[in-house]
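Trainee: Please take a close look at one part of this model, a strand with the loop and helix that follow. Set out what is found around that part, and say where confidence in the model is low.

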Amino acid sequence: MPQPKVKLVVTGDDFGYCPRRNHGIVECFQTGGVSNVSLLVNATSALDAAELAKIHLIPIGLHANLSEGAPVSQNLKGSTLLNEDGFFHGKTGFRKVLSSGQLNMYEVEQELRAQVKRFCELVGHLPYHMDGHQHVHVLPEVREVFAQVLADFGIRYTRIPVEPGLHACPLIPPHLHEFYIQVQKDALSSVEVFRRHGIRWPDVYLGLTTMGQNMSIDNIKQALGYALGARCLTNTLTTPLTGTQTDEIAAANRPVTVELMVHPGYPSHPQEGGCGQGPDDFSLSEDRQHELEILTDPSLLAYYKQESIQLCAFRDL
């Protein structure tokens, strides 16, 4: 068979969030729209998700969560990671506590290790990859701890959310655009940290410009076009550690590796799901089902085949 131009990992995030999310992600995997999933081990339907992954042979990694719901570790009473109700501080709150200098990195490490161990208990093996829910893994200080935990467990792949075309995307509301630009800055600053620990990631990341109602077949095509055009940039981020001329020639001749982050599923029932505090607004909306319908559209799957885009998982890279 001819070598593909692109090896595309389509990762369904938030597996385990609720039964309807699990059902939608499995459906998406069976149809060919998702090739990889990321499990929230502190979510209410994590056990069900793990069993579904075993039954359907779904490649699975860990969506490490430090920002939503309850912790996995039993040793965090009074922790800087938690609010007065015993839950994580939330996407914005976590960043505020971190920037104030009040977050204890030992407690971050303790929780990350507990989540890896919980993943192994649920799934039966180590994660094939590990990233951070709401991109907390690329934040200052956290990234050092995250990279060390990956290295200690021998987890080889993570996510670096630097997306070509993000700055120029007109579809994203200003407040979200500002957040995503900061995520990208943090991700760029994390490159050296993960590289130093021997952790790898795909050449190109996509998903911020194609999330929710912004997902369409045309937008996915455009994002993949940016990915191919951005190869020279991404190679500077992912050049093999030796950096020899032979490595550079090999890199130039291999397929571009891309991760597309997606959130397919069916809308959560109001009182069902989440990580201990109920489902959030995004999960209650129709956006999840919209993503599922786009990702399983036969014309998108035909486009992948036509353009020599091979869907795969992190374990296949």
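Mentor: A residue is called exposed when its relative accessible area is over 50%, and buried when that area is under 20%. L57 has a relative accessible area of 65%, so L57 is exposed. The model is predicted, which is why confidence comes before the details. Mean pLDDT for the protein is 90, and 92% of the residues are at 70 or more. Residues 232-236 have pLDDT under 50, with five contacts in the model beyond four places in sequence. A further stretch, residues 238-250, also has pLDDT below 50, and the model gives this stretch twelve contacts beyond near neighbours in sequence.

Now to the part itself, beginning with the strand. D131 belongs to strand β4. Its relative accessibility is 0%, so D131 counts as buried. The side chain of D131 makes a polar contact of 3.4 Å with the side chain of S38. Apart from neighbours within four places in sequence, D131 is in contact with D13, S38, L62, H63, A64, H137, F146, T158 and R159. S38 therefore appears both as the polar partner and in this list of contacts.

Next comes the loop. β4 covers residues 130-132 and α5 covers 142-153, with H133 in the loop between them. H133 has a relative accessible area of 6%, and is therefore buried. A polar contact of 2.8 Å links the side chain of H133 to that of E68. Beyond four places in sequence, H133 touches D14, L40, H63, A64, N65, S67 and E68. H63 and A64 are among the residues touched by H133, and both are also in contact with D131.

Q134 is also in the loop between β4 and α5. Most residues other than glycine have a negative phi. Q134 has a positive phi, near 60 degrees, and is not a glycine. L57, the exposed residue named at the start, likewise has a positive phi, about 55 degrees, without being a glycine. L57 is in another loop, the one between α2 (46-56) and β3 (60-64).

From Q134 the contacts lead to F179, a residue of helix α6. Leaving out neighbours within four places in sequence, F179 is in contact with K91, R95 and Q134. F179 is at 18% relative accessibility; this is under 20%, so F179 counts as buried. In sequence F179 and T92 are separated by 87 residues, while their C-alpha atoms lie 9.8 Å apart.

Last is the helix after the loop. Two packed helices are described by the angle between their axes and the distance between the axes. For α5 and α6 (residues 174-196) the angle is about 35 degrees and the axes are 9 Å apart. The crossing of α5 and α6 is right-handed. From α5 the contact involves R143, E144, F146, A147 and L150; from α6 it involves D186, S189, S190, V193, F194 and R196. By class, the residues of this contact are five nonpolar, two polar and four charged. F146 is one of the α5 residues in the helix contact, and F146 is also in contact with D131, which brings the account back to strand β4.

Methods. Residues are numbered from 1 along each chain as its sequence is written. This is a predicted model: local features need pLDDT of at least 70, side-chain atom pairs count only at pLDDT 80 or more; totals for chains, interfaces and linings use all residues. Side-chain values use heavy atoms; hydrogens and water are left out. pLDDT is the predictor's confidence in each residue, from 0 to 100. Contact means heavy atoms within 4.5 Å. Helices (H or I, at least four residues) and strands (E, at least two) are DSSP runs, numbered from the N terminus. Buried means under 20% relative accessible area, exposed over 50%, partly exposed in between (1.4 Å probe, protein chains only). A polar contact is a pair of N or O atoms within 3.5 Å; within protein, one must be able to donate a hydrogen and the other to accept it, and residues adjacent in sequence count only if both atoms are side-chain atoms. Axes are lines fitted to C-alpha atoms, for helices over the stretch in contact, and angles run from 0 to 180 degrees between N-to-C directions. A crossing is left-handed if the near helix is turned anticlockwise from the far one by less than a right angle, and right-handed if clockwise. Ala, Val, Leu, Ile, Met, Phe, Trp, Tyr, Cys and Pro count as nonpolar, Asp, Glu, Lys and Arg as charged, and the others, Gly among them, as polar.
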